[in-house]
Amino acid sequence: MDGVVDHVVWDWNGTLLADVHAVVDASAAGLAAVGVTGGLDLARYRSTFRRPLRDFYAALVGRDVGDEEWARMNAVFGEHYRGLEPALPLADGALDALDRFAAAGLGQSVVSMLGHDELHATLGRRGLHDWFVRVDGDHHRDGRSKEAALAAHLDVLGLDPARVVLVGDTLDDAAATAAVGSACVLVAEHSTHHAEDLRTVAPAVPTLPEAVEHVLALRRSATSSS
């Protein structure tokens with residue numbers, strides 16, 4: 001990275017919010033809605049996970065998933081997850097991470113593929129809005145990529161991608177930053193991917209506090225070389 005790092009874009013689900021077990025539980029509920037019960041734990045979820053999501057669920061079901069089944073699974077997943085979400089904790093060290101980045105003079109914002117209104121609601125329940133200069137979820141449920149969402153987010157904020165680091169937890173996060181020219185660090189603890197898969201595409205660390213150290217070291221390195 002040639003420029004000085006001065007902004008952090010956060011992912012939400014699985015990064016600041018410790019929700020991977022809720023995702024697995026909601027996925028199991030979706031599978032049960034089409035008659036597939038038992039056998040889904042975090043290890044199997046991570047080993048099977050792929051995109052598009054319909055292919056992931058087809059692999060878990062063991063056959064193609066019909067349109068009506070897919071709609072039912074999505075509805076049950078959403079209902080189950082929304083029931084669990086208000087009680088979910090932040091990832092360990094999340095508030096300290098926000099505080100340390102702010103103290104270091106880094107701007108902070110959020111880009112998530114969670115529905116825009118849902119994202120603002122979950123941040124509001126946790127009193128987090130004031131940490132961020134902008135929060136963007138999936139505004140129209142239009143299925144756009146994380147790459148497109150990140151590019152639009154940075155454009156609205158007028159940020160140079162080369163001065164931005166995204167802290168996320170998925171292969172999609174790494175692909176998005178590679179496409180726009182930003183840096184990335186991935187956190188494995190609450191990811192839907194295995195850590196070894198994350199490490200093939202970007203720097204990946206076990207926990208959020210370690211991601212903070214990585215970003216601050218990157219900022220110091222970029223500053224000292226400028």
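**A parallel sheet, its helices and an aromatic cluster**

In the predicted model, Val-8 of strand β1 has Gln-108 as its bridge partner in β2. This bridge belongs to the pairing of β1 with β2, which is parallel and extends over four bridges. In general, the strands of a sheet pair through backbone hydrogen bonds, in either a parallel or an antiparallel arrangement. Here, six strands form an open sheet with parallel pairing, and their order across the sheet is β3-β2-β1-β4-β5-β6. The strands at the edges are β3 and β6 (residues 204-205); each has a single partner strand, so one side of each is left without a neighbour in the sheet.

Strand β1 also pairs with β4, again in the parallel sense and over four bridges. In this pairing, Val-9 stands opposite Leu-166 of β4. The pairing of β4 with β5 is likewise parallel and comprises four bridges, and Val-165 has Ala-183 in β5 as its bridge partner. Between these two strands the chain passes through helix α8, and the resulting β-α-β crossover is right-handed. Strand β5 (residues 183-187) then pairs with β6 in the parallel sense over two bridges, with Val-187 placed opposite Val-205 of β6. Helix α8 (residues 171-180) packs on the sheet, where it touches β4 and β5, and its direction makes an angle of about 175° with that of β5.

The side chains of a regular strand alternate between the two faces of the sheet. In β1, both faces are covered: His-7 and Val-9 are buried on one side, and Val-8 and Trp-10 are buried on the other. Strand β4 is mostly covered, with five of its five residues buried. On one side of β4 the buried residues are Val-164, Leu-166 and Gly-168, while Val-165 and Val-167 are buried on the other, and both faces are thus covered. A second helix, α7 (residues 146-157), lies across β1 (7-10), β2, β3 and β4 (164-168) and runs at about 145° to β2.

Helix α6 was examined next. Its span is residues 116-125, and its buried residues are His-116, Leu-119, Thr-122 and Leu-123. Viewed down the axis of α6, these buried residues fall within an arc of 130°, so they line one face of the helix. An α-helix has 3.6 residues a turn, so residues three or four places apart point the same way. The cover over the buried residues of α6 includes strands β2 (107-115) and β3 (135-138). Just after the helix, Gly-127 adopts a positive phi of about 65°.

Within α6, His-116 provides a detailed example. Its relative accessible area is 16%, and because buried means under 20%, His-116 counts as buried. Apart from its neighbours within four places in sequence, His-116 is in contact with Val-135, Asp-136, Gly-137, Asp-138 and His-139. The C-alpha atom of His-116 is separated by 21 Å from that of Leu-159, which lies 43 residues away along the chain.

Aromatic residues form a further set of interactions. A pair of aromatic rings is described by the distance of the centres and the angle of the planes. The structure holds seven aromatic pairs. One of these, formed by Tyr-45 and Phe-49, is stacked, with 5.6 Å from centre to centre and 15° between the planes. Phe-49 also pairs with Phe-56, in an edge-to-face arrangement with a centre-to-centre distance of 5.2 Å and 65° between the planes. The three residues of these pairs are buried: the relative accessible area is 3% for Tyr-45, 13% for Phe-49 and 0% for Phe-56. Together with Tyr-57 and Trp-70, the residues Tyr-45, Phe-49 and Phe-56 form one aromatic cluster.

Conventions. Residues are numbered from 1 along each chain as its sequence is written. This is a predicted model: local features need pLDDT of at least 70, side-chain atom pairs count only at pLDDT 80 or more; totals for chains, interfaces and linings use all residues. Side-chain values use heavy atoms; hydrogens and water are left out. Buried means under 20% relative accessible area, exposed over 50%, partly exposed in between (1.4 Å probe, protein chains only). The arc is that of the directions from the helix axis to the C-beta atoms. Contact means heavy atoms within 4.5 Å. Two strands pair if DSSP finds at least two bridges between them. Axes are lines fitted to C-alpha atoms, for helices over the stretch in contact, and angles run from 0 to 180 degrees between N-to-C directions. Rings of Phe, Tyr and Trp (its six-membered ring) pair if their centres lie within 6.5 Å; planes under 30 degrees apart count as stacked, over 60 as edge-to-face and the rest as tilted. A crossover is right-handed if, with the strands pointing away from the viewer, the path from the first strand over the helix to the second runs clockwise.
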